[in-house]
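Me: I'm new to this one and would like a close look at a single part of it. Could you take the site that carries an annotation and walk me through its surroundings?

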Amino acid sequence: MDTPYTIVIADDHPLFRNALYQAVHMAVNNANLLEADTIDGLLALLEQTEDVDLLLLDLKMPGANGFSGLTHLRGLYPDLPIVVVSASEDEAVIRKAIKLGAMGFIPKSSPMKQLVTALNQTLAGDPWLPEGIDLDYVDPEQSDFADKLALLTPQQYRVLVMLNEGLLNKQIAYELGVSEATVKAHVTAIFRKLDVSNRTQAVIALQQMEVD
C-alpha cells in the first residue's frame, strides 16, 4: 500500500478550507489532511509533523502580512512544496509568489475541476500557474527584503508581526510569555537581520510585502 500524502491546508476561512478538503480528496486517495487557520498555528503544526508533502497556503491569515508568511516559511522549510491559494488574481501577486518560492498559485475562484488538476500536478512535482502569467519581472528591492526576512527565527517573526500591529515591548513580552529584556534582544536581532535602524523602518519594509 502506498504511503498517503500528508497535505496541510492553511486558510482562515472555514468554507474555503472545506472546498480545498474536498478537492484534495478528489485528487488523492487516503490523503492525511491537516489544517491551520493562523500562521502561529501553522508553524506549530509544521514543527510537530514530519514529511509534509504539500502546503496549501492562503496569503492572508492572522499573523501573516501577505508575502511575509510565505517568505518566512520558505526560509524555515526550504524543501517544503508550497502552493499559494489566494483570492487575488493580480498577475503581479502571482508572479511575486512564484519568485518568492511558491511552486504554484491557485486562485480561489478556480472551479473544482481546476483545483483537482492543480493539486495532481503539484504533487507530481510540477509547478502550476494560471494561464498567461509572465514570470520575467520581479521588484529587486522586495526580493532583497524577502531574503532578509527569511533569516528571522519563528519567534523573531512573531515579534516583527506584533511590532507591525503597534504593540509595545511590554505588551509583546506579555503575549509571548517572555521577559521584556528578551523582547528587546529579539528586536535588536530583527533590526540587524533586516538591515534597518528602528521600528518604523522595519514595519514599513514588512508592509511592502502585503497583498492589496
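Reply: Here is a walk around the annotated site, followed by the strands and loops that go with it.

A word on the ground rules: this is a predicted model, where local features need pLDDT of at least 70, side-chain atom pairs count only at pLDDT 80 or more, and totals for chains, interfaces and linings use all residues. Residues are numbered from 1 along each chain as its sequence is written, and side-chain values use heavy atoms, with hydrogens and water left out. The pLDDT is the predictor's confidence in each residue, from 0 to 100. For this protein the mean pLDDT is 82, and 90% of the residues reach 70 or more.

Now to the site. An unreviewed UniProt entry has the annotation "modified residue: 4-aspartylphosphate" on Asp-58. UniProt positions are given in the numbering used here, feature names are shortened, and annotations may be inferred rather than shown by experiment. Asp-58 sits in the loop between strand E3 (54–57) and helix H3 (67–76). Those labels come from DSSP runs: helices (H or I) have at least four residues, strands (E) at least two, and both are numbered from the N terminus.

Is Asp-58 buried or exposed? Asp-58 is buried, because its relative accessible area is 6%, and buried means under 20%, exposed over 50%, partly exposed in between (1.4 Å probe, protein chains only). If you skip its neighbours within four places in sequence, Asp-58 is in contact (heavy atoms within 4.5 Å) with Ala-10, Asp-11, Asp-12, His-13, Val-85, Ser-86 and Lys-108. There's also the backbone nitrogen of Lys-60, which lies 3.4 Å from a polar atom of the Asp-58 side chain.

What about the two elements on either side of that loop? E3 has the highest mean pLDDT among the elements of the protein, 92, while helix H6 (residues 140–149) has the lowest, 69. H3 is mostly covered, with 8 of its 10 residues buried; among them are Phe-67, Leu-70 and Leu-73.

Follow the contacts outward and you reach other strands. Ala-10 is a contact of Asp-58, and strand E1 (residues 6–10) pairs in the parallel sense with strand E2 (residues 32–36) over 5 bridges; strands pair if DSSP finds at least two bridges between them. Thr-6 has Asn-32 as its bridge partner in E2. Val-85 is another contact of Asp-58, and its bridge partner in E5 is Ile-106. Strand E4 (residues 82–86) runs parallel to E5, joined by 4 bridges. In E5 (residues 104–107), Gly-104 and Ile-106 point one way, Phe-105 and Pro-107 the other, and all are buried.

Finally, look just before E3: Asp-51 is in the loop between helix H2 (39–48) and E3. Most residues other than glycine have a negative phi. Asp-51 isn't a glycine, yet has a positive phi of about 55 degrees. In contrast to the buried Asp-58, Asp-51 is exposed, with a relative accessible area of 64%.

Key
Polar contact = N/O pair within 3.5 Å; in protein donor to acceptor, adjacent residues only side chain to side chain.
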